[in-house]
Amino acid sequence: MSSSALPLAGLSLDPVSDFQQLTAFPFMVNALEAGTAVAIMAGVVGWFMVLRRESFAGHTLSLMAFPGATGALLIGLPAAAGYFVFCGASALVIGLGSSGVRRHRGEESALTGVVQALGLACGFVFLSLYQGVLAGYENLLFGDFLGITRGQVLTLAIVAVLALCGFALVGRPLLFASVDETVARARGVPVRGLALAFLLVLGLAVAATAQITGVLLVFALLVAPAATAQQITCRIGASLVLSVILGVAITWAGLALAYFYSEPVGFYITTVAFTIYVIARVTRAVIDHSTLLRRRPEIAEAHA
Amino acid sequence: MNITSAPPTTDRRIDVALPGAAGQTEAVAWLEGAQAQIAGRAVWSEVRLEIGAGEFTAILGPNGSGKTTLLRVLLGELPLAAGRASVLGRDPGAAKGQIGYLPQRRHFDAGIRIRGVDLVRLGLDGARWGLPIRALGRDRVREAIELVCASEYATRPIGRLSGGEQQRLLIAQALVTDPRVLILDEPLDSLDLPNQTAVSALLARICKQQGVTVLLVAHDVNPLLSYLDRVVYFGAGRAAVGTPREVITAGTLSRLYGVPIEVLTTADGRLFVAGLPEAPAHHSGRHEHDEQ
């Protein structure tokens, strides 16, 4: 599985030659295209997920890809089908089971936790029922980019386009419901329906992302670009665009590193994402602190 | 200092006549013989109320006396069990587009990285589907923010603003659609005293300068008292309606709250209500909500 077996010159730090090497094989072109589609979608979905404080639900849905994949293998279906079915169904259960009211979020997280535990248990049962040796199940957990087919690229691109169209349609009411639920409801925004629809899209996005990063590391691509972008700017449009750009950049960097070195792609994506997030977070803290110090004399004056 | 104090009377029916000025303008809110019920229990009955255009009215009373219930009736969320009601000359709920509504104070998490100005804009177009068209309504958003004097901090993340600053931006959000009526549920709740006074003055200015009829639920009448045109006091299943001087008397308030209350007149002729049971203001609304 490691790419070191391939006849490579290695990372040369010459962008042109590196890019030529990166795209020399069709499997790598497939991986880059699939990764780009997934990263764009994850950037937008993740942005709303971070804003809505639904990271726990997102995390649970990402783990649901594990029973999805093992269950699909057990009955002889492609893993991707299992991803979509399990993630979608769990999103429905979490969405329908929660009241959709902010102050009842505690119940929702309890339900989400139960779904998560059940899903993981199912995953391991499926794995043990599967009599043969499940070849490369680390790839399932930590990501594999060598075996992505044209069909998969097409599926992921269609899912991404559908998700983006959905966001273009409901983006504003969803934003309203996410930051100011009470007033949004009073203005006639279907808060409950949007919450359920969002969880479903989140489930689909997770199922798609898991095919690149692996089940355990989906989260890196969903949370890190969005959280980093929100640290950098509080303008809605800029923050969304930045989230997508960061997602694509992190994915390309991760795929390239995995291509030239031997560790799984999920590891590189996670490491790059985490590093960027930490830098943004620390910078934001420093800026906020210095702004506060600069504003303090004005505040003191105004009260005098 | 002139102190009037009267023992609570046994009279259950409290009725204070409307001021003579009523009728010269179109009634913005009007109730007659109104009864509201929640879960089959009457919250208040025989309420007669008329609020004129451009008036500043406070709805007051003990916890659970039906203050928020009146707002729900006026917003068309709760039909009357008896009697009649109209808002802006139509059935309650039919005039919703002309009402700016500010629910009980919402808390914005410090980590929410959304600018105040975007929050105000959501009041204008947040309920619309499809891609936003940025240019539309930009002036309206700026005007609303200038009206509440929040331009200085409107582009900062909402989560990092103080309670008073957040409340101003939320008022701008309710005003951005240019409503004829502004209905606020406990807008002074959980603000410190200087901010209570400042927000009261701001609402009074919007009422007088913009001609917006302001109707708010409050727990403590004192920060508002000098600005009010009319008060609606709920208590013991009834309502007392009138100008502050008519309704805010020791006798009426003691009867409504069921405890002795004093009304003081300061040297410059301002009223001050003393002796109200120490109500934790930040819990008040929640109790009412739970009952509903």
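Mentor: A crossing is left-handed if the near helix is turned anticlockwise from the far one by less than a right angle, and right-handed if clockwise. The structure is a predicted model, in which local features need pLDDT of at least 70 and side-chain atom pairs count only at pLDDT 80 or more, while totals for chains, interfaces and linings use all residues. Residues are numbered from 1 along each chain as its sequence is written, and chains are lettered from A and ligands numbered from 1 in the order in which they are written.

Trainee: How many helices and strands does chain B have?

Mentor: Helices (H or I, at least four residues) and strands (E, at least two) are DSSP runs, numbered from the N terminus. By that count, the secondary structure of chain B comes to eight helices and twelve strands.

Trainee: What percentage of the residues in chain B is buried?

Mentor: A residue is buried if 20 or more other C-beta atoms, placed from the backbone, lie within 10 Å of its own, exposed if 12 or fewer, and partly exposed in between. Chain B has 292 residues, and the buried share is 43%.

Trainee: Which strands lie at the edges of the open sheet in chain B?

Mentor: Strands pair if DSSP finds at least two bridges between them. The open sheet has six strands with mixed pairing, in the order β6-β7-β8-β4-β9-β10 of chain B. The strands that pair on one side only are β6 (99–102) and β10 (238–242) of chain B.

Trainee: Which residue of β8(B) stands opposite B:T57?

Mentor: Strands β4 (residues 56–60) and β8 (residues 213–217) of chain B run parallel and are joined by four bridges. Opposite B:T57 stands B:L215.

Trainee: At what angle to β7(B) does helix α1 of chain B run?

Mentor: Axes are lines fitted to C-alpha atoms, for helices over the stretch in contact (C-beta atoms within 7 Å). Angles run from 0 to 180 degrees between N-to-C directions. Helix α1 (residues 67–74) of chain B lies across β4, β7, β8 and β9 (230–235) of chain B. Its angle to β7(B) is about 145°.

Trainee: Which strands of chain B does helix α4 of that chain touch?

Mentor: Helix α4 (residues 163–175) of chain B packs on the sheet, and its direction makes about 155° with that of β6(B). The strands touched are β6 and β7 of chain B.

Trainee: Why are α4(B) and α5(B) described as roughly parallel or antiparallel, and which is it?

Mentor: The two helices pack at an angle of about 20°, with their axes 10 Å apart. Angles under 35 degrees count as roughly parallel, over 145 as roughly antiparallel, 65 to 115 as roughly perpendicular and the rest as oblique. Therefore α4(B) and α5(B) are roughly parallel.

Trainee: Is the crossing of α4(B) and α5(B) left-handed or right-handed?

Mentor: The helices meet through B:G163, B:G164, B:Q167, B:R168 and B:L175 in α4(B) and B:N195, B:A198, B:V199, B:L202 and B:I206 in α5(B). The crossing in which α4(B) passes α5(B) is right-handed.

Trainee: Which residue in the turn between β2(B) and β3(B) has a positive phi?

Mentor: Strands β2 (residues 27–38) and β3 (residues 41–52) of chain B run antiparallel and share eight bridges, with B:W30 opposite B:E50. They form a hairpin with two residues between them. The residue in the turn with a positive phi of about 55° is B:A39.

Trainee: What is the bridge partner of B:A29 in β5(B)?

Mentor: β2(B) also pairs in the antiparallel sense with strand β5 (residues 82–87) of chain B, over five bridges. In β5(B), the partner of B:A29 is B:V87.

Trainee: Which helix of chain B gives the largest share of the side that touches chain A?

Mentor: In the model, 19 residues of chain B are in contact with 20 residues of chain A. The largest share of the chain B side, four residues, comes from helix α2 (residues 116–125) of chain B.

Trainee: Is B:E186 buried or exposed?

Mentor: B:E186 lies in the loop between β7 (181–185) and α5 (193–210) of chain B, and its phi is positive, near 50°. Because B:E186 has 24 C-beta neighbours inside 10 Å, it counts as buried.

Trainee: How is A:R53 classed by its C-beta neighbours?

Mentor: A:R53 is in the loop between α2 (26–51) and α3 (55–63) of chain A, and has a positive phi of about 60° although it is not a glycine. Because it has 14 C-beta neighbours inside 10 Å, A:R53 counts as partly exposed.

Trainee: How many of the ten residues of helix α4 of chain A are buried?

Mentor: Helix α4 (residues 65–74) of chain A is mostly covered. Its buried residues include A:F66, A:P67 and A:L73. Of its ten residues, the number buried is nine.

Technical notes. Contact = placed C-beta atoms within 7 Å.
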